Amino acid sequence: MSNAMVIVLVLFVVLLFTGLPLYVNLGLTSFLYIFLTGTPPMVVVQRITQASNSFTMIAAPFFILMGNLMNTGGVTRKMFRFANVLVGTVPGGMGHANILCSALFAGMSGTAVADAGGLGNIEIQAMREVGYDDDFSCAVTSASSVLGPIIPPSLPMVILAVTVGASVGRCFVGGIIPGILIAGSLCTMVAIYANKRHYPRNPRPSVRVVWVAFKEAFLALMAPVILFAAIYTGVVTTTEAAIVAALYSLIIGLFSYRDLKWKDIPKIMLSTCETTGVVLAIVMTANIFGYVLTVAQIPQAITAVLTSISNKFLFLIVINLFLLFVGCFMEGTAAILILGPILIPAMMAMGVSETQACLIMILNLMIGVVTPPVGVVLYVTSNVAKVSANRVIKATVPFLLPLFIVLMIVTFVPAVSDFLPNLVYGVQ
């Protein structure tokens, strides 16, 4: 490794702990390497253009827009009410409703932070009013937010698929069974807590109450149905489906539910642009940083070390431990862009399918968003609930156990990731 690369990596790690925006860190360290090695500056322009000039990446801002429209348009409240009516009668019913609603909302937002921020306020307040502990409510809300990037559509999945050249459709379908397993494991944890702490359950609702709740949530529930049907029938591409879903969200918010007002549109568009801008800034600077790593032959060295581990079981354990560690300290999008081109080929070289490799990476990094010290979702939930971050972190730690169990299942049972994609698209 050259002296220039050593300086760049040390500076990158130091800046990572200063609170400097990640895209600034990536840009500065990349420019420093280019300056130290005398690389033509035009390379920077070329890499930025290449990173942003992607048809599939257009899906990202439209998925973000869809989530913002759904959240502002009152859709989340109707979905939570419907989920609560369905499962609120079992012990710890609102905890189960919290998880079910996260699974439903995942089909629209595709991000963990949007789930925690969008649904969190509604869920935690509702659970607080009927006697649930704030710590428990925050823990369930934080842990269930992991469903957002696993159940399709998933923004991190789109970014990873584009980065490594994988099929977005196969990755989307591959996330369905792992998402169901995560929801089921979290519900089991909620049931254990509910029986131990004697949490309340709702009275059994009448058929009329169920019907009314279903009617209110029906149009919202149809969003992922329309999305999947459009993609898997070949009517539209994944990118075009994101545009259709955003338009659908706008129409039902304005004209059906009427909770979304025309005056809200500028604020929603501004929020979408801000989030998209940050994502694209990370994508572009991470592309330059990835180029720097490639020139310095870091990916080749890491791949050689990893593939030298002849035991597949040990290899996958090392990959998981490494990604969990990275997820605790680095923002998911940057980790995907930097490590995806390195680790996905290495896993595939060990006989792991492309879809399974992508899901292993996404699930590890998303567990990182609910794992201290960086765990951004923990702090979002803390802010929403007005509860100290330390209390939220302490309460959430036990809920990491079911997430780790599902991670091991996804890692060592290939059919969990590959069965549905092979069924829909054929065996690769």
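**Figure 1. Helix H10 and its buried residues.** In H10, the buried residues are Leu-155, Pro-156, Met-157, Val-158, Ile-159, Leu-160 and Ala-161. Bear in mind for this view, and for the others, that the model is predicted. Helix H10 covers residues 155-164, and seven of its ten residues are buried, so the rest of the structure largely encloses it. Look just past the end of the helix and you'll find Gly-165, which follows H10 and has a positive phi, near 75°.

**Figure 2. The whole chain, before zooming in again.** What is this chain built from, helices or strands? It has 23 helices and zero strands. Its radius of gyration is 22 Å, close to the 22 Å that the globule rule gives for 428 residues, so the chain is as compact as a globular protein of that length. If you drew a box around the C-alpha atoms along the principal axes, it would be roughly 70 × 45 × 45 Å. Of the chain's 428 residues, 53% count as buried. Now take the contacts between residues at least 6 apart in sequence: 79% of them join residues at least 24 apart. As for the outside, the chain exposes about 17900 Å², and carbon and sulfur atoms supply 69% of that area.

**Figure 3. Charges, and the salt bridge between Glu-216 and Arg-81.** Side chains of opposite charge can pair when their charged atoms come close. The chain carries 20 positive and 14 negative side chains, with the centres of the two sets lying 6 Å apart. How many salt bridges does the structure hold? There are three. One of them joins Glu-216 to Arg-81, with 3.2 Å between the closest N and O atoms. This pair links distant parts of the chain: Glu-216 belongs to helix H13 (residues 207-232) and Arg-81 to helix H5 (residues 75-87), 135 residues apart. Glu-216 has a relative accessibility of 31%, so it counts as partly exposed. Arg-81 counts as partly exposed too, because its relative accessibility is 35%.

**Figure 4. The salt bridge between Arg-197 and Asp-133.** Here the closest N and O atoms of Arg-197 and Asp-133 are 3.3 Å apart, and the two residues form a salt bridge. Arg-197 lies in helix H12 (residues 176-197), while Asp-133 sits in the loop between helix H7 (112-129) and helix H8 (134-144), so the pair ties together parts that are 64 residues apart in sequence. Are these two residues tucked away? Arg-197 is partly exposed, with a relative accessible area of 38%. Asp-133 is partly exposed as well, at 36%.

**Figure 5. The salt bridge between Arg-391 and Asp-135.** In this close-up, the side chains of Arg-391 and Asp-135 meet in a salt bridge, 2.5 Å from N to O. Arg-391 is part of helix H21 (residues 389-396) and Asp-135 is part of helix H8, so the pair ties together parts that lie 256 residues apart in sequence. Arg-391 counts as partly exposed, at 39% relative accessibility. Asp-135 also counts as partly exposed, with 25% relative accessibility.

**Figure 6. Asn-84 and the residues around it.** Asn-84 has its place in helix H5. Is Asn-84 buried or exposed? Its relative accessibility is 14%, and the cut-off for buried is under 20%, so Asn-84 counts as buried. Leaving out residues up to four places away in sequence, Asn-84 touches Gly-93, Met-94, Ala-97 and Asn-202. Ala-126 is 42 residues away from Asn-84 along the chain, and their C-alpha atoms are separated by 10.0 Å.

**Figure 7. His-198 in its loop.** Find the loop between H12 and H13, and you'll find His-198. This residue is not a glycine, yet His-198 has a positive phi of about 55°. With 68% relative accessibility, His-198 counts as exposed.

**Figure 8. Val-410 in helix H22.** Val-410 is found in helix H22, which spans residues 400-412. It is buried, with a relative accessible area of 1%. Which residues is Val-410 in contact with, leaving aside its neighbours within four places in sequence? They are Pro-178, Gln-356, Leu-359, Ile-360, Leu-363, Val-416 and Ser-417. Val-207, on the other hand, is 38 Å from Val-410 in space, C-alpha to C-alpha, and 203 residues from it in sequence.

How values were computed: Residues are numbered from 1 along each chain as its sequence is written. This is a predicted model: local features need pLDDT of at least 70, side-chain atom pairs count only at pLDDT 80 or more; totals for chains, interfaces and linings use all residues. Side-chain values use heavy atoms; hydrogens and water are left out. A salt bridge is a side-chain nitrogen of Lys or Arg within 4 Å of a carboxyl oxygen of Asp or Glu. Helices (H or I, at least four residues) and strands (E, at least two) are DSSP runs, numbered from the N terminus. Buried means under 20% relative accessible area, exposed over 50%, partly exposed in between (1.4 Å probe, protein chains only). The radius of gyration is taken over C-alpha atoms; the globule rule is 2.2 Å times the number of residues to the power 0.38. Contact means heavy atoms within 4.5 Å. Accessible areas come from the Shrake-Rupley method with a 1.4 Å probe; for residues, only the protein chains shown count as cover. Lys and Arg count as positive and Asp and Glu as negative; His and the chain ends are not counted. The place of a charge is taken as NZ of Lys, CZ of Arg, CG of Asp or CD of Glu.
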